[in-house]
Amino acid sequence: MAARTVLAKQLSNILRPLESPCACRKLYSTAAGGLKVGYVPEHFSTPLFFAQSEGYYKDVGLSPDFKPFLTGTGDMIKALKENDIDIAVGLTEGWVAGLGNRRAEYKIVGTYVQSPLRWAISTGDNRQDIQSIAELQGKCFGVSRLGSGSYVMAFVLARQQGWPGNPPVSFNIVGTFKNLRAAVRDSEADAFMWEYFTSKKYYDNHEIKYIGSIYTPWPSWTITAADSLLNIESETGTIGKFFSAVNKGIQHFRTYPEKAVDYISTNLDYTAEDAREWMKTVNFADDVSVVDRSVIIDKTFAILHDANVIENADGVDPKAFVVDTPAFRG
């Protein structure tokens, strides 16, 4: 109980509620300005919180302002372009699609989660007309926004299933995870795709229904930096400092798994049981500054291009998507 009280006190000092009915909390810095970091307020963000609560950012002279994006990677692409954030932690397929479709002013600079992402395919629990993936051919998929992971992976699913057409399914852009759940119940969309453990609570309460899963054939979460930050990295060393702190946050996550369960179940939208089950499946990077160029360039880009996520690859050089330098290894 004493440890839980200490953790609750730490949370009250550095977290504040989102302006959303979601049970998530927002990491933030009391210092004005500084490094602006985009993230998705889900269980994967836990090591970022630990790096904050344990003072690892402060140790390297950073006071990052964490900005949550409930709609995911697609909105972070826009925020990077508009200099609303400097660094972002998001889904690999979203970052590569943005770069491939020339909508980006960022580069991939690090790997956050090495393990693949399990995308769950869901429909409304009341939808008796849909019982299998095969029945989704030609149907409408709800997505958070164009270019998001939920949008990109619908194309990958269609290609795996051999569905014809370009696009092979139609889309309804509805925004948040909450809106996606409502859309399939109200028949405004037939299905949507979201991370399995984030969805599981809503299978258990019969709000939505599980149809199947698809796994990414690449590391699920990578880190990007805005071109504007990369242009001054040699002077500031900011990216290297950030990586050093996040590496320590990941190590803290591994060393204190029950503390991670407590944080996830208390501050995020998961049960303790689901948090423990998720932790058996996730593998954070040993060193977030390392990027496997062959995976990004040869595998992810090729699969997304083949699935028509990247519309026109003429003149696109995927080698330029990644900036991986020892200078980042703080």
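A residue counts as buried when its relative accessible area is under 20%, as exposed when it is over 50%, and as partly exposed in between. With that in hand, Asn-308 in this predicted model is easy to place: its relative accessible area is 29%, so it is partly exposed. Asn-308 sits in the segment after α14 (293-306), and its phi is positive, about 65°, even though it is not a glycine.

His-206 makes a good companion case. Its phi is also a positive value, near 65°, and again the residue is something other than glycine. This one is found in the loop between α8 and β11. His-206 has a relative accessible area of 55%, which is over the 50% cut-off, so it is exposed.

Now for the chain as a whole. It is built with 14 helices and 12 strands, and 56% of its 330 residues count as buried. Its accessible surface comes to about 13500 Å², with 48% of that belonging to carbon and sulfur atoms. Take the contacts between residues at least 6 apart in sequence: 78% of them join residues at least 24 apart.

Five of the strands make up an open sheet, lined up as β9-β8-β10-β7-β11, with mixed pairing. The edges are taken by β9 (170-173) and β11 (208-215); each has a single partner strand, so one side of each has no neighbour in the sheet. From one strand to the next, the twist averages 35°. At the β9 end, strand β8 (residues 140-143) runs parallel to β9, and 4 bridges join the two. Val-143, for instance, has Ile-173 in β9 as its bridge partner. Helix α8 (residues 196-204) lies across β7 (118-124), β10 (191-195) and β11, and runs at about 120° to β10.

Helix α6 (residues 149-161) deserves a look of its own. From its first C-alpha to its last, this helix of 13 residues reaches 18 Å, close to the 18 Å expected at 1.5 Å a residue. Because 10 of those 13 residues are buried, α6 is largely enclosed by the rest of the structure. Among the buried ones are Tyr-151, Met-153, Phe-155 and Leu-157, along with Gly-149 and Ser-150. Right after the helix comes Gly-162, with a positive phi near 75°. Further along, in the loop between α6 and β9, is Pro-167. The peptide bond that joins Asn-166 to Pro-167 is cis, with omega at about 5°.

Note on methods: Residues numbered from 1 in each chain as written. Predicted model: local features only at pLDDT ≥ 70, side-chain atom pairs only at ≥ 80, totals over all residues. Heavy atoms only, no water. Buried < 20%, exposed > 50% of the residue type's maximum accessible area, 1.4 Å probe, protein only. Contact = heavy atoms within 4.5 Å. Areas by Shrake-Rupley, 256 points an atom, 1.4 Å probe, with all protein chains shown as cover. Pairing = 2+ DSSP bridges. Axes fitted to C-alpha atoms, helices over the stretch in contact; angles between N-to-C directions. Expected span 1.5 Å × (residues − 1).
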